[in-house]
Amino acid sequence: MLTPRRILALSAATAVCFWLTGAALDAWVFLEGSFAHEVLRPGLDDICIRILAIAVIFATGLAWSRQDRRGTDIRRSLESEAANYRRLVEAAPDCVIVHAAGALLFANRRAVDFLGYPDLEALGEQTIEEIVPPDDRRAVADRLRGGAGSDGAAAPVEVRVLRRN
C-alpha cells in the first residue's frame, strides 16, 4: 500500500529524475553545455521550468496521498456501519433474514435456529423462494420484483417459511 510517506518519497525521486533528465537533454540533445554544468548551474529559464514541474509532481503526490487516506477512512466507516448493522440484526428478538434479489445475505441466529439449519452457511445455500411454502411463493416473487420504495429500502414483510426438518 502506498502511504503518504512513500508517495512523497516517490515524488521526490521523480523530481530528481526530472531534473537530471532535463539537464541531460539540454547538454546532449540541445548542445547547451556540459551535463555537469546543466545540473549544477542551469539557466534561469531551466530553473523556472524545472521548479514548476517539480511543484506539479509534489502537488500530485500530495493529492494522491490525501485521496488514498480519504478512501481508507470511507472503507473503515463502511466496515464499522456494517458491523453495527450485523450486531443490531443479531440482537433482534425476531427472526430476521436479509437478502438481495432473493439470495440470502445474512440471517440472525434466531432465524437459523427457527428454520432448523445448523449454521448460517447451510441456510445461505438456499434462496428466499426455497424457504417459503409453495402457496406463498407467487406472493414472494411478486414482492421481490416490486423492488424498493422511494427511499431505496423495501418495507419489511412477514411470510410463512418452511423448516428444514
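Author: A contact here means heavy atoms within 4.5 Å. The model in front of you is predicted. Ask about any feature in it.

Reader: Among contacts in the chain between residues at least 6 apart in sequence, what share join residues at least 24 apart?

Author: That share is 41%. The count leaves out pairs less than 6 apart in sequence.

Reader: How many helices and strands does the chain have, and in what order do the elements run?

Author: Read the elements from the N terminus. There are six helices and two strands, in the order α-α-α-β-β-α-α-α. The two strands thus stand in the middle of the list, with three helices before them and three after.

Reader: In which sense do β1 and β2 pair?

Author: They pair in the antiparallel sense, over four bridges, with β1 covering residues 97-100. To follow one bridge, start at I97 and look for its partner in β2, which is A107. The two strands form a hairpin with two residues between them. In that turn, A101 has a positive phi, about 55 degrees.

Reader: What share of the residues in the chain is buried?

Author: Buried means under 20% relative accessible area. Of the 165 residues in the chain, 24% are buried. As for the surface, the chain has an accessible area of about 11700 Å², and carbon and sulfur atoms account for 61% of that.

Reader: Which residues make up the largest nonpolar core?

Author: The general idea comes before the list. In soluble globular proteins, nonpolar side chains tend to be buried together. In this model the largest nonpolar core has twelve residues, among them L104, A107, V112, L115, Y117, I128 and V140. Three elements each supply at least two of the core residues: β2 (103-107), α4 (109-115) and α5 (120-124). The largest share, three residues, comes from α4. Note A107 in particular: this core residue is also the bridge partner of I97.

Reader: Which residues make the nonpolar surface patch of about 470 Å²?

Author: Not every nonpolar side chain sits in a core, and a patch is read from the outside. L25, W28, V29 and F30 make this one. Take L25, in helix α1 (residues 4-29). L25 counts as partly exposed because its relative accessibility is 40%, and a residue has to be under 20% to count as buried.

Reader: How many salt bridges does the structure hold?

Author: It holds two. With each one, check the distance, then the spacing along the sequence, then the exposure of both partners. D113 and R109 meet through their side chains at 2.8 Å, N to O. Both are in helix α4, and because they are four residues apart, about one helical turn separates them. D113 is partly exposed at 43% relative accessibility, and R109 is partly exposed as well, at 37%.

Reader: What is the distance between the closest N and O atoms of D136 and R160?

Author: Their closest N and O atoms are 2.8 Å apart. D136 lies in helix α6 (residues 134-146) and R160 in the segment after α6, so this pair ties together parts that are 24 residues apart in sequence. D136 is buried, with 18% relative accessibility, while R160 is partly exposed at 48%.

Reader: Where is R41 found, and is R41 buried or exposed?

Author: R41 is in the loop between α2 (35-40) and α3 (44-91). Its relative accessible area is 62%, so R41 is exposed. Sequence spacing and spatial distance should be read separately: R41 and A23 are 18 residues apart along the chain, and their C-alpha atoms are separated by 9.6 Å.

Reader: How far apart in space are R5 and G61, C-alpha to C-alpha?

Author: The distance is 9.8 Å, for two residues that are 56 apart in sequence. R5 belongs to helix α1. At 71% relative accessibility, R5 counts as exposed, because the cut-off for that label is over 50%.

Definitions and conventions:
Residues numbered from 1 in each chain as written. Predicted model: local features only at pLDDT ≥ 70, side-chain atom pairs only at ≥ 80, totals over all residues. Heavy atoms only, no water. Core = buried A, V, L, I, M, F, W, Y, C linked by side-chain atoms within 4.5 Å. Buried < 20%, exposed > 50% of the residue type's maximum accessible area, 1.4 Å probe, protein only. Areas by Shrake-Rupley, 256 points an atom, 1.4 Å probe, with all protein chains shown as cover. Pairing = 2+ DSSP bridges. Patch = residues over 30% accessible without salt bridge, like charges linked within 9 Å, V, L, I, M, F, W, Y side chains within 5 Å. Salt bridge = Lys/Arg side-chain N within 4 Å of Asp/Glu carboxyl O.
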